[in-house]
Amino acid sequence: MDKLLYSLIRLSFLIGFLWLRAQPLLWQRCLGGSLFDELRAMTMTQTGSFLLVGMLRSYDADTNFHKEGADADVWVVKLSAFGHVLWQRVYGTEANDEAFAVAETPDGDFIIVGFTESETLGNGKKDFLVLRIDPLGNLRWMRAYGGRGNDEARGVAVLPDGGCIVVGATGSNDVMVMKNRGGLDAWAIRLDKYGNLLWEKTYGGLYNDRLQTVLKAPQNTFLLIGSTDSYDEDIEHNHGRTDILVIKVDSLGRKIWLRTYGGSSFEEPYSAAVAKESNQYWIVGTTFSTDGDVQQNKGRGDLWLLRIEGSEGAITFSKTYGGSKDEGGNGLFITPENHLLIAATTRSYDGDVKNPNKGVYDAWLIKLDSTGKILWEKTFGGHENESFQSVAMLPTGDYLAIGFSASKDQDLWMCEPHGGNDGWIVAVRDPINPPQIKVLPPTALVGYVYDKQTKKLLLDAEITLVDNRTNKVIARTKPHPELGYYTLILPDTGWLSVGVQAKGYLFISQQVAIPKALRYSEIRQDFYLEPIRKGQVFRMYNVHFDPGKWEIKPESYAELDRLATFLKEHPNIIIEISGHTDNTGEPDTKMELSLLRAKAVMAYLMKKGIPKYRMKVKGYGMTRPIASNDTEEGRRLNRRVEFKILKIQ
């Protein structure tokens, strides 16, 4: 008895320990294979899902779509708000290709930037790599920019016209780079929506200058944020070894002002965000200094949070966070209540880091109020290296952090690590102020409409969503005239059907089924329309009757209305409407029932304005089965109404 009681107590303790250890983790995903894979940046889409980008080397486990033996490629993951992977794709060349930033365009496409080492696509050792994909992962274009040196893109800002400004560093002085002051220069380029280069500008001095990110500012200006080792040319003042560099430019890249921030040692920024206050900008990174603009250092490398105003770049806030070892701030998100959430890395277990260190480097989330006060902080990881690179807010009010993990234990107990570095995705609930009201993202139907024979996009197709219970049109849309895809937002409730029609094509009509795992996310649905031809048969499975009856049930009206619209748009077509049954019952009775049902469909169409002479009716009873009558599913398929195109006049 004592042993049993002891076992129960021990089990209860273990369950409680695991529950506490999991908090505030909601769920997590480890994606990748046995090699080194990383997720580095993300953006929330217009439909509430997330696009994650990074670098993939593996070709096994979750990444068997990646060619074995290939170099690193740009890795893109589309993720629902509840952690369901909608799709994964890789993009690249014959050489190494990696991504560091992503942004959504006004029309729903995505711009991804990084670098390529391709000799066929690029101009030198490394080049800026910029690619544009649509919401379904189809590549619109991929181009390289740079010279014969090393050029690497790190940040992107999308403009209202669909173009973008891409920033990074260049070691070139030729091809597309008109001027280099020495070493690496900070480099910014502006592209139109098709990837054409509009202008390029370098900034810096004789040593190394880099840009990490770019923020939009008022009056069509921009803040270019990076670091500098220089102290000449454009760099009038350097506090020490490496400073944070901020350059304000106009829409043509012309310098308005340039400022440096730091102390006598090393500073490096990794992320920035526009503050809720007017014309205020937060910058997060790492500092090793103890002087200058850095008021305090708590160990070696500290997370440094800086706020500047946009008029002249004056510092309005500066504070370090960390412990006695190394910290770095990688990603920054400003919440609706004007709090700051920082994705970071730490090796400490003291100071501001209250949790024990789990291994080598831990992933660290820290939440601050608008004055910089710590609201809460928590480390995540196992015995190896972990890091959070980016953080955002889920539509539910919880938080999403991404990065990489090399561990298989401790906080990774809910995950399935594959080896090397895995892309790591973590959903976290605020342990102090959890969301009280969940705002769920919409469920969206997205895809393309094709000609079934030629596979060409049908941009004139119309997609209609109908509530079958009321026969009311909920939504009607067409594919984007330039980008080609359509989007339908689905309501949370209702018995829905979707119809797809285009001039010269047989229409499609089908019920909408929302898988539980894809609710409140995106459902991919492509449609293939067949060109009209004589002899075509359309099976109307969504026309319903009670057993033994021929009166049409109201939920059939949406399907019949689509047929009526089709006939009105194609007045040269004559059809046969036929009824069919399963093999249960008397053949003569079933033959009569099938004819009455066909006549009922014709009568409905006549009420909708279709002339009687354009329709023939026929009852086939049980004589033309299309499936075995030995199963209920087969009998259901055999109980149907069809129409057949008899003539095209």
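How many bridges join strand β29 to β33, and do the two run parallel or antiparallel? In this predicted model, five bridges link β29, which spans residues 443–447, with β33, and the two strands run antiparallel. To find one of these pairings in the structure, look for G447: its bridge partner in β33 is Y486.

Now let us step back to the sheet around this pair. Three strands form an open sheet here, in the order β33-β29-β36, and the pairing is mixed. The edge strands are β33, residues 486–490, and β36, residues 522–524, each of which pairs on one side only. If you look at how the strands are set against one another, neighbouring strands of this sheet are turned by 25 degrees on average, direction ignored. As a reminder, strands of a sheet pair through backbone hydrogen bonds, and they can do so in a parallel or an antiparallel way.

Next, please move to strand β12, which covers residues 185–191. Is this strand mostly covered or mostly open? Strand β12 is mostly covered, as seven of its seven residues are buried. Its residues point two ways: D185, W187, I189 and L191 go one way, while A186, A188 and R190 go the other, and all are buried.

Strand β12 also has pairing partners that you can trace. Seven bridges join it to β11, residues 164–170, and these two strands run antiparallel. Within that pairing, G168 has W187 of β12 as its bridge partner. Strand β12 pairs with β13, residues 197–203, in the antiparallel sense too, over six bridges. Here A188 is matched with K201 in β13. Together β12 and β13 form a hairpin with five residues between them. Look in that turn for G195, which has a positive phi of about 90 degrees.

Our last stop is a single residue, E309, found in strand β20, which runs over residues 302–309. Which side chain of opposite charge is nearest to E309? That is R259, but it lies 5.7 Å away. A salt bridge has to fall within 4 Å, and E309, although buried, has none.

What does the side chain of E309 reach instead? One target is the backbone nitrogen of S311, at 2.7 Å. Another is the backbone nitrogen of G313, at 3.0 Å. Leaving aside residues up to four places away in sequence, E309 touches W257, N279, Q280, Y281, A314 and T316. With these names to hand, you can pick out the surroundings of E309 in the structure above.

Note on methods:
Residues numbered from 1 in each chain as written. Predicted model: local features only at pLDDT ≥ 70, side-chain atom pairs only at ≥ 80, totals over all residues. Heavy atoms only, no water. Pairing = 2+ DSSP bridges. Helix = DSSP H or I, 4+ residues; strand = E, 2+ residues; numbered from the N terminus. Axes fitted to C-alpha atoms, helices over the stretch in contact; angles between N-to-C directions. Buried < 20%, exposed > 50% of the residue type's maximum accessible area, 1.4 Å probe, protein only. Lys, Arg positive; Asp, Glu negative; His and termini not counted. Polar contact = N/O pair within 3.5 Å; in protein donor to acceptor, adjacent residues only side chain to side chain. Contact = heavy atoms within 4.5 Å.
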